[in-house]
Amino acid sequence: MIKKLRLGLLLNLFVVSFAFAQTGTLTGTVVDNQTGEALTGVNILVQELTRGAASDINGRFTVENIPYGSYNIRVTYVGFLTQNLTVTVDSPTTTLNIRLREDLIGLDEVIVTGYTELSRSRITGSMTTVSAARIESTPTGSFEQALQGRSPGVFITTGSGQPGSSATVRIRGTGSINSNNAPLYVVDGVVINTGDFASLNPNDFESVTILRDASATSQYGARGSNGVILIQTKRGRSGPAQVRYSGQLGVSQIGDFKFDMMNTEEKLQIEEILRTGPGWNTSPLNPANAANPDAAAAARADLLAVNTNWKDEFFRTGLTQQHNLSVSGGNDRVRYFISGGIFEQEGIGLRTNLNRYSLRVNTDIRATERLEVGFSGSGNYSESSFSESESAVALANPFAAAYLANPWERVRDEDGNILVGGGRTGANALDRLEKDTNDRNEIKFVGNTYARLNIGNVIVGQEFGMDFRERYFSRWVNPESYAGGLVQLGQSGLLSRSTNRLTFFTSNTNIRYRTEFDGVHQLDLYAGNELTRSHFQSFGYTGYGLNPLLGATPAAITPGSVANGLIPSVAGSFTNNAIWSVFAIADYSYDQRYNLRASVRRDGSSRFGPGNQYAWLWSLGTSWVASNEEFLSDVDFLSNLIVRLSYGITGNQGFSFSAGQDFQRVATFGSGSFAGQQTLIPTAPGNDDLKWETASKLNFGVDFGFLNNRVSGTVDLYSEETSDLFITQSLSRTAGFASLSINAGTVRNSGVEVSLEGDVIRQRDMTLTLNANFSYNKNEITDLGQVDEFELGTSIIRTGLPIGTHYVVEWAGVDPANGQPLYRDLDGNVTNVFSNDFAKADFGSWLPPRTGGFGLDFRFRNLSAAAQFNFAEGNVLFNNQRFFQENHGFANFNLYRSMLNIWQQPGDITDIQSNQYARQFSSKDLEDASYLRFRNLVVSYNIPGRVFNNEIRGIRLFVQGQNLYTWTKFTGFDPEDFNNISQYAYPLPRIFTGGIDINF
């Protein structure tokens, strides 16, 4: 009996224990509320258990071993509204079918704003986010070109078609005269050097966010004055492994130019008119040919038998291909993203190319319930080959030689050898390309590792980041080439090898506190201590008198001596700087209606003296989500309305790496000699009073959405004033130095930015969305300290005018009576006297005041098309090509066909002056550089996974074109230049590619 009672008690205890330990499984599906299609990769988090799952390719998810009870479930997916659900698990299987609504305006989307992240509805600053779909697969070697026309307030000009070349980027105008104007670039929290993008793989990018006003940028203090571009790379999500391959293949071609070159017959004709060159030497009008006209005629016939199109010799159709493979996935403990990529692009110019090989590993590990660690890193290697003397007015520049070379020149002899020699512009430049080399190899690593300890509402973090770049340059002038024989030392080529290394180290220690209380208050506090150290060093040599039998190797260099004068030249440098910062950021929101952001930062820079080493930089921003107010709840057409206001102070210390920049505060010395002895000589005076440039920024903005967000957009008004500009002040020669860097002057940028997007068609099977953005920026120099103006090249820096203002004598045409060139003096009177004293600043700036872009996205079932245009309006460029090729003074080279309209006799109405008068550099060479460019067109077709029984998630086939057409009045190579003078830069190519994306 006792044994039976004991057995019964044991059974009862087992049943009770089993009841308490019962667990169930939460399962279900996630679909798009509008289309009913399954959503893959949706995160389902059981908040009390801090674990969950991600939906698979069929939208299904499963979370096992959930103890019976009630739980808060958070469902998140990029581009869709977050759902918070309460679910009771009280049976072995609980099914939950979720329908997510698309976040049409993105108010619930979480945006990385810098050191922290916020939902879009809580943002107080002015910023634009460009998604991965807009960036990846663009067939350009440098990612910022894919941003053109995508964001208001951002002016991007490519300037060069060299594969991998960086673009010039300006956010809200130019704020500095002599210092850096480029934005700060941050990749996964790591500051990277401006312009080092050829080795980065844009297919790894998840998004690019552009920060414009003080509320958004002041958190970066001294480095945020010119705006900030945040790059977030792709990361793994919980769920099954997702494998993706993307590849494309295409061609690059030269575009169409708005000028015509002379053929042989026309060139001989103009030479005959000008009485110079072969055209005159073989002319029947030349008295010297009267004695033997048949010989002259035969020589002329030989010339006419040749009509070389040098454009065909120097340009080619280049091949472009890229391949990317990635795998991502994870669970509630470990998430990963791993990718590898190859990008190979031949330039349209001979001998130019970029080959890039990249590898990325991103991991996030929840080591314990409280500790999270992670790593983001990319290793990249690139090889680039360059042309000679790009953008220079030099005969070695192939893009100049292609148009300066005379059409009556033969390219090769009967044996295929290039016919080089004195005066043979085209052949000599072509010989350089075929026999000499000019290469650069680059290793680049960008990495960041972090650890975060969660203690309730407090997160303590530590991050270490590094941007490492090492470049190896190699230039070989073949001793057997024509150019090799012209090398001054040894007349037998040269070999140059050099390397430089640039390293940024960043350490960030931070603490963050986040809380919500009383159902209406949200508070987010962040404080950090950050140290950034930068190092740059370089070394190189050039050797002469090469032995042609030993090729492009150092062994080919003839040992130098005083006797033979072939001592190799050696050069090198080393510099470093540091910034130490402490800062704090506070975000507060009340009832999803009122938001406040405050930031303060104290930066200390090694570039300035003790009295000016530190700067306090701060901002205050607020926003009002008016559409959440009760009194607007009945306004049916209003979907979203947010009003923003911000003000703050940011700084600029410059970015270029040189001893001149890093040590301007102190007097510096260099090597000298006296009486045969080595000495030290002063090289720069130093200025211990030098301090930061600072910018005060005011911004007022409105975000809106109407008609269920079928129409949405933003409007921003801003005013920014940069003071204490870095100015080079001239010194009296008695000081022993020519100039000194000081702080003086102020520049103001003010303007308006508008961005609009509208769904013209929004149906299940068809959508059509139009987008447009526009920016107007007024740039004005308001103060220059001790002076009112000074000349800077062909521009003038003057109070009351914008930076980049042209300064030149005004052209007034050609006198029909005698062919004299006419000009205007300072009083506007027409004169035939040219004088630089007549120079004016009435012709505008090379920087456009109005920029923007527009485009469309169309989808019909599985077929999609997207087009993007960008424009710049109101800027003026010097066309230096026109000065040289519409100039009788350069008749020994080929000329524009328009030169046939040269004045020849009284009564001729033309703008080409008589050859009796010198051609001067004047406003005649200024041209309207406004343009509208058809930047990109992509047509794609998606094959859904069900076609492959879901063994493949989907396939996307696409074709695309880049730089398809440009509407402009500018007659040079390209109006999209990187300075105020266009002079034979590498032309921007058209690129056509076709490709495939496969998701496994």
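This presentation describes selected strands, one pair of helices and the internal cavities of the structure shown above.

Good morning, colleagues. Please keep in mind throughout that we are looking at a predicted model.

I shall begin with the strands in the region from residue 693 onwards. Strand E32 covers residues 693–706, strand E33 covers residues 711–723, and the two pair in the antiparallel sense over 13 bridges. To place one of these bridges, find glycine 701, whose partner in E33 is aspartate 716. Between E32 and E33 lies a hairpin with 4 residues between the strands. One residue to look for there is leucine 707, which takes a positive phi near 55 degrees.

We now follow E33 to its next partner. With strand E36, residues 746–762, E33 again pairs in the antiparallel sense, over 13 bridges. Two bridges help to fix the register. Valine 711 has glycine 758 in E36 as its bridge partner, and threonine 714 has serine 755 in E36.

E36 in turn leads to strand E37, which spans residues 766–783. These two strands are antiparallel as well, and 16 bridges hold the pairing. Which residue of E37 stands opposite glutamate 757? The residue is asparagine 771. The connection from E36 to E37 is a hairpin of 3 residues.

Let me turn to an open sheet of 3 strands, in the order E4-E1-E7, where the pairing is mixed. Strand E4, residues 60–67, and strand E7, residues 93–100, are its edge strands, each pairing on one side only. On average, and with direction ignored, neighbouring strands in this sheet are turned by 20 degrees against each other. Strand E1, residues 23–32, runs parallel to E7, and 8 bridges join them. Within this pair, threonine 25 stands opposite threonine 93 of E7.

A further open sheet, also with mixed pairing, has 3 strands in the order E46-E45-E49. Here the edges are formed by strand E46, residues 926–928, and strand E49, residues 981–982, each of which pairs on one side only. Strand E45, residues 876–879, pairs with E46 in the antiparallel sense over 3 bridges. One bridge takes leucine 877 to glutamate 927 in E46.

I move on to the helices. Two packed helices are described by the angle between their axes and the distance between the axes. Our example is helix H4, residues 264–274, with helix H6, residues 293–304. Their axes come within 9 Å and cross at roughly 135 degrees. This angle makes H4 oblique to H6. The residues of H4 that take part in the contact are Thr264, Glu265, Leu268, Gln269 and Glu272, and they meet Arg300, Leu303 and Leu304 of H6. Sorted by class, this contact contains 3 nonpolar, 2 polar and 3 charged residues.

Finally, I come to the empty space inside the model. Rolling a probe the size of a water molecule over the atoms shows where empty space is left. How many cavities of 30 Å³ or more does a search of the whole structure find? The search finds 12. The largest cavity has a volume of about 130 Å³. Its lining consists of 20 residues, and those closest to the centre are Gln145, Gly161, Gln345, Pro989 and Ile991. By class, the lining of this largest cavity divides into 6 nonpolar, 13 polar and 1 charged.

To close, I suggest three places to visit in the display. Start at the hairpin of E32 and E33, with leucine 707. Continue to the contact of H4 with H6, where Leu268 is among the residues involved. End at the largest cavity, with Gln145 among the residues closest to its centre. Thank you for your attention.

Conventions
Residues are numbered from 1 along each chain as its sequence is written. This is a predicted model: local features need pLDDT of at least 70, side-chain atom pairs count only at pLDDT 80 or more; totals for chains, interfaces and linings use all residues. Side-chain values use heavy atoms; hydrogens and water are left out. Axes are lines fitted to C-alpha atoms, for helices over the stretch in contact, and angles run from 0 to 180 degrees between N-to-C directions. Angles under 35 degrees count as roughly parallel, over 145 as roughly antiparallel, 65 to 115 as roughly perpendicular and the rest as oblique. Contact means heavy atoms within 4.5 Å. Ala, Val, Leu, Ile, Met, Phe, Trp, Tyr, Cys and Pro count as nonpolar, Asp, Glu, Lys and Arg as charged, and the others, Gly among them, as polar. On a 1 Å grid over the protein atoms alone, a cavity is a set of points where a 1.4 Å probe fits but cannot get out, and a pocket is an open set with protein on both sides within 12 Å along at least five of seven lines; lining residues have an atom within 4 Å of a point. Grid points are joined across faces, edges and corners, and a volume is the space filled by probe spheres set on the points. Two strands pair if DSSP finds at least two bridges between them.
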